[in-house]
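The following exercises concern the surroundings of a bound ligand and the packing of helices. Please work through each task before reading its solution.

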Amino acid sequence: DVVVESPTGSGKTLAFVLPMMRMIQNARLQKNEIGALILSPSRELCSQIVNVIKPFAEKLKLSVETVTGGQKVDKNIKMFKNKDINILVATPGRLFQIIQHEKTMIARAMKGVQLLVIDEADRFNEIQFEDHMREILSCIPKQRRTGLFSATQVKEEDDLMVFGLRNAKQVKVSQERNSAAPSTLKNYFVECPADEKTSVCLEFIRQRTDKKVLIFFPSCNSVRYFHKIFERCLTKRPLFAVHGKCSNPHRAAQIKAFSESTNGVMISTDVMARGIDITDIDWVIQYDLPKHSSWFVHRAGRTARCGRDGNALILIATEQLAYVSFLDNHEKVKLEEVKVPTSTSRKAEELRQKMIKIQVSDRAILELGTRAFVSHIESYAKHDCHLICSLDDLNVVGLANSYALLRLPKMRELAQRKDLDQFDRSDIETSEIKYADPKLEANRDTVMKEKHEKKIETLAAKEKKRREKEARKMKRAGGRFKSRATGANAEEKRAKKRKSEEEDDAQNDIRLLKKIKRGKLSKKEIKDVL
Ligand SMILES: Nc1ncnc2c1ncn2[C@@H]1O[C@H](COP(=O)(O)OP(=O)(O)OP(=O)(O)O)[C@@H](O)[C@H]1O
């Protein structure tokens with residue numbers, strides 16, 4: 001068994017494919033016997049590995065198949081039943097799902113596995129993979145060879161236990177002091193105020209019109225939102241976007257088109273952070289800190305592959321500067337500072353105004369921007385360097401301006417913040433921003449009316465309940481003190497007046513309700529109610 005640690009882009013795929021083919025070739029497998037199982041964390045990586053294996057497998061008359069998310073589970077099961085498979089490449093989640101459906105059949109199909117390869121192995125120590133790994137390992141023989149491959153292997157021996165290694169040899173292909181990043185990769189950072197991040201990112205790209213650039217954002221919603229924004233700001237550049245919620249064919253098509261472009265800009269989540277082998281990316285930009293510091297080298301390692309030169313840049317807000325020395329000490333990655341002189345606070349404000357106009361043009365983008373900001377904050381709250389770059393220290397108002405928010409969303413993570421009143425709430429009436437898509441807009445009206453109706457019915461029901469309670473109380477009070485000649489008359493007059501006022505209110509609510517049902521409610525009336 002081996003644990004291989006070798007820089008990004010240094011050829012780990014071939015390093016396990018070639019010996020595997022040799023071993024399988026000598027094993028004289030039965031037609032439908034799986035001799036090797038390769039696990040990889042993403043469907044793109046699985047298909048990339050299959051593409052590397054295919055030429056060898058055809059030559060040696062071996063069959064290679066893949067099962068990943070995004071495919072139909074019953075199709076996967078049918079393939080196991082009907083197809084000959086000698087080499088299986090899988091994402092652990094999907095293989096786990098199939099085992100849950102057909103454990104006996106899968107265990108039978110994999111009883112001949114002689115080689116287990118786990119690519120990007122350190123990812124599999126994450127909690128969400130634990131059950132999957134345990135179940136998968138229970139279906140393959142213990143008497144096998146196991147190889148773990150990654151640019152950043154786990155640091156604790158115990159973390160290797162989950163893989164069932166026996167007498168594993170450590171193989172470290174390290175260059176200089178950092179064994180994860182290739183020596184041809186230059187790592188940079190630019191310090192910028194939180195509210196200028198988007199402007200600095202755009203300016204940096206604009207200054208490199210002939211370069212192929214990959215930008216990492218923290219979440220699917222950020223990718224979708226900034227794709228809409230960049231479409232209108234980088235009009236002369238081919239623009240691509242991938243994230244976990246895209247369909248397989250869309251993701252594959254976007255990655256292929258980006259690979260074939262000469263100066264394309266790809267906006268992506270970490271779905272492209274590991275293993276993806278696009279050989280001529282010139283710049284990798286990270287909009288914010290990665291969720292795990294070990295992911296930094298994998299993201300940056302999408303460039304400078306196979307001995308080529310490459311550059312990586314991370315946008316560091318002023319309050320995040322401690323991250324630079326953290327990377328140096330913890331990940332052995334030295335960052336050199338660069339400036340983006342063409343980005344100024346005036347340009348950032350102009351961009352913010354432009355982004356606001358884009359949101360006002362389509363409610364869908366307005367809502368996407370808010371969701372993107374919320375998921376950015378949620379992921380920032382969970383990153384593994386929160387001791388040195390905590391959410392409390394983050395300039396949230398500045399970041400909200402980088403997202404050009406019109407309103408600051410209410411969220412649990414920001415509930416204790418005292419500085420949110422510094423946010424310049426736009427005076428644009430957001431309830432009047434329409435969807436660009438007429439169908440969505442028509443539906444919005446209905447949804448709004450249903451919401452108002454529900455709101456008024458709830459209010460009317462609450463009011464009715466309160467009045468009944470009040471009446472019961474009055475009745476009880478009336479019975480007990482009937483005989484007492486006191487100011488009861490005055491109290492009765494007051495109660496009568498209250499009752500008639502309440503009846504007017506009730507009439508008013510019912511009148512409102514009727515107007516809504518007839519769709520006659522004015523904007524002012526809706527606002528008054530709300
Ligand atoms: N011996 C070699 N000669 C020439 N090119 C090679 C050689 N070995 C690998 N390559 C090429 O180097 C590139 C990077 O290889 P690969 O994707 O396996 O890197 P990796 O170490 O797995 O990177 P990552 O850590 O990002 O997954 C690929 O395009 C591959 O074809």
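The exercises below refer to this predicted model.

**Exercise 1. The ligand shell**

Task: Determine how many residues surround the ligand and which are the closest.

Solution: Step one is the count, and 15 residues surround the ligand. Step two picks out the closest, namely Gly9, Lys12, Thr13, Asp277 and Arg302. Step three sorts the shell by class: 7 residues are polar, 5 are charged and 3 are nonpolar.

**Exercise 2. Polar contacts and burial**

Task: State which polar atoms of glycine 9, glycine 11 and glutamate 120 approach the ligand, and what share of the ligand area the protein buries.

Solution: Begin with the backbone. Glycine 9 places a polar backbone atom 2.8 Å from an oxygen atom of the ligand. For glycine 11, a polar backbone atom is 3.2 Å from an oxygen atom of the ligand. Next, consider the side chain of glutamate 120, of which a polar atom lies 3.2 Å from an oxygen atom of the ligand. Finally, turn to the area: the ligand taken alone exposes 630 Å², and the protein buries 68% of that.

**Exercise 3. Helices H4 and H5**

Task: Classify the packing of helix H4 (residues 92–109) and helix H5 (residues 127–137) from the angle between them.

Solution: The axes of H4 and H5 are 9 Å apart, and the helices pack at an angle of about 50°. An angle from 35 to 65 degrees falls outside the parallel and perpendicular ranges, and H4 and H5 are therefore oblique to each other. Their crossing is left-handed.

**Exercise 4. Helices H7 and H12**

Task: Describe how helix H7 (residues 220–233) and helix H12 (residues 363–380) cross.

Solution: First, the axes of H7 and H12 come within 8 Å and cross at roughly 135°. This angle makes H7 oblique to H12. Lastly, the crossing of H7 and H12 is left-handed.

Conventions
Residues are numbered from 1 along each chain as its sequence is written. This is a predicted model: local features need pLDDT of at least 70, side-chain atom pairs count only at pLDDT 80 or more; totals for chains, interfaces and linings use all residues. Side-chain values use heavy atoms; hydrogens and water are left out. A residue is near a molecule or strand if one of its heavy atoms lies within 4 Å of it. A polar contact is a pair of N or O atoms within 3.5 Å; within protein, one must be able to donate a hydrogen and the other to accept it, and residues adjacent in sequence count only if both atoms are side-chain atoms. Accessible areas come from the Shrake-Rupley method with a 1.4 Å probe; for residues, only the protein chains shown count as cover. Ala, Val, Leu, Ile, Met, Phe, Trp, Tyr, Cys and Pro count as nonpolar, Asp, Glu, Lys and Arg as charged, and the others, Gly among them, as polar. Axes are lines fitted to C-alpha atoms, for helices over the stretch in contact, and angles run from 0 to 180 degrees between N-to-C directions. Helices (H or I, at least four residues) and strands (E, at least two) are DSSP runs, numbered from the N terminus. Angles under 35 degrees count as roughly parallel, over 145 as roughly antiparallel, 65 to 115 as roughly perpendicular and the rest as oblique. A crossing is left-handed if the near helix is turned anticlockwise from the far one by less than a right angle, and right-handed if clockwise.
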